[in-house]
Amino acid sequence: VDETYIMVKPDGVQRGLVGEIISRFEKKGFKLTALKLFQCPKELAEEHYKDLKAKPFFPGLIDYITSGPVVCMAWEGVGVVASARKLIGSTNPLNAEPGTIRGDLAVQTGRLGPSYYPDRNVVHGSDSPENGKREIGGTAYALCLVM
Ligand code: GTP
Ligand code: MG
């Protein structure tokens, strides 16, 4: 069975969107197999986003992901990786379609304060089945401890 790693990012946790996000995956029929509230250490955030290490926004991304607790989850289901990406929507909330998590819930402007930028996009989802396995076994190693 396919498995994906979903993580509610610090802005999603701070804004009280955890229940709403879980609900969308539940309603779609996917199975929640692990969940943990977790303060991500810097080294682990860097490992998680290692493919983006060369990008100019990388330091800001790591600061963002480590700025507060995240909710780490593993979800199971047929085709769950691609389906979750559809539910989540485009990376930049400005481009995310209404009906998607980012399209409906990610803040698009500075309305909530200067720390909110388009890259604060509420939630992460694995981009391939291989990365789903890597992230559940690696980045979210803390999850494994409670399973
Ligand atoms: P994740 O689910 O978080 O992995 O997002 P994604 O797969 O939709 O996008 P990607 O993996 O390419 O980028 C990871 C994260 O880096 C994004 O979710 C954003 O928070 C941030 N990011 C990506 N591209 C940009 C960019 O061009 N500028 C800035 N400032 N941040 C970016
Ligand atoms: Mg990604």
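This is a dialogue between a visitor and a guide on how to read a predicted protein model with a bound ligand.

Visitor: What should I know about confidence and numbering in this model before I look at single residues?

Guide: The model is predicted, so that local features are given for pLDDT of at least 70, side-chain atom pairs count only at pLDDT 80 or more, and totals for chains, interfaces and linings use all residues. Residues are numbered from 1 along each chain as its sequence is written, while chains are lettered from A and ligands numbered from 1 in the order in which they are written. The predictor's confidence in each residue, from 0 to 100, is called pLDDT; in the protein chain its mean is 88, and 86% of the residues reach 70 or more. The model also has an ipTM of 0.94 and a pTM of 0.91.

Visitor: How many helices and strands does the protein chain have, and in what order do the elements run?

Guide: Helices (H or I, at least four residues) and strands (E, at least two) are taken as DSSP runs and numbered from the N terminus. In the protein chain there are eight helices and four strands, and the order from the N terminus is β-α-α-β-α-α-β-α-α-β-α-α.

Visitor: Which residues have the most contacts inside the largest nonpolar core?

Guide: A residue is buried if 20 or more other C-beta atoms lie within 10 Å of its own, exposed if 12 or fewer, and partly exposed in between, with C-beta atoms placed from the backbone. A nonpolar core is then a set of buried Ala, Val, Leu, Ile, Met, Phe, Trp, Tyr and Cys residues joined through C-beta atoms within 7 Å. Here the largest such core has 29 residues, and I6, M7, W75 and V123 have the most contacts inside it. At least two residues of this core come from each of β1 (3–8), α2 (18–27), α4 (58–65), β3 (70–76), α5 (80–88) and α6 (101–105), and β3 gives the most, with six residues. Over the whole protein chain of 147 residues, 33% are buried.

Visitor: Which residues is M7 in contact with, once its neighbours within four places in sequence are left aside?

Guide: Two residues are in contact if their C-beta atoms, placed from the backbone, lie within 7 Å. On that basis M7 is in contact with V70, V71, C72, M73, V123 and H124. For the protein chain, among contacts between residues at least 6 apart in sequence, 72% join residues at least 24 apart. One case to look at is R24 in helix α2, which touches L87 and I101, not counting residues up to four places away in sequence; the C-alpha atoms of R24 and L87 are separated by 7.9 Å, although the two are 63 residues apart along the chain.

Visitor: Which residues surround ligand 1?

Guide: A residue is near a molecule if its C-beta atom, placed from the backbone, lies within 6 Å of it. Ligand 1 is surrounded by L52, F57, L61, T91, D119, N121, H124, G125 and D127. Ala, Val, Leu, Ile, Met, Phe, Trp, Tyr, Cys and Pro count as nonpolar, Asp, Glu, Lys and Arg as charged, and the others, Gly among them, as polar, and this shell divides into three nonpolar, four polar and two charged residues.

Visitor: What does UniProt list as "binding site" and "active site"?

Guide: UniProt positions are given in the numbering used here, feature names are shortened, and annotations may be inferred rather than shown by experiment. An unreviewed UniProt entry lists K9, F57, R85, T91, R102 and N121 for "binding site", and places "active site" at H124.

Visitor: Is H124 buried or exposed?

Guide: H124, in strand β4 (residues 123–125), is buried because 23 other C-beta atoms lie within 10 Å. Leaving out residues up to four places away in sequence, H124 touches I6, M7 and K9. K9, in the loop between β1 and α1 (10–14), is likewise buried, with 23 other C-beta atoms within 10 Å. T91, in the loop between α5 and α6, counts as partly exposed because it has 13 C-beta neighbours inside 10 Å.

Visitor: What is the phi of V122?

Guide: Most residues other than glycine have a negative phi. V122 is not a glycine, yet has a positive phi of about 75°; V122 is in the loop between α6 and β4.
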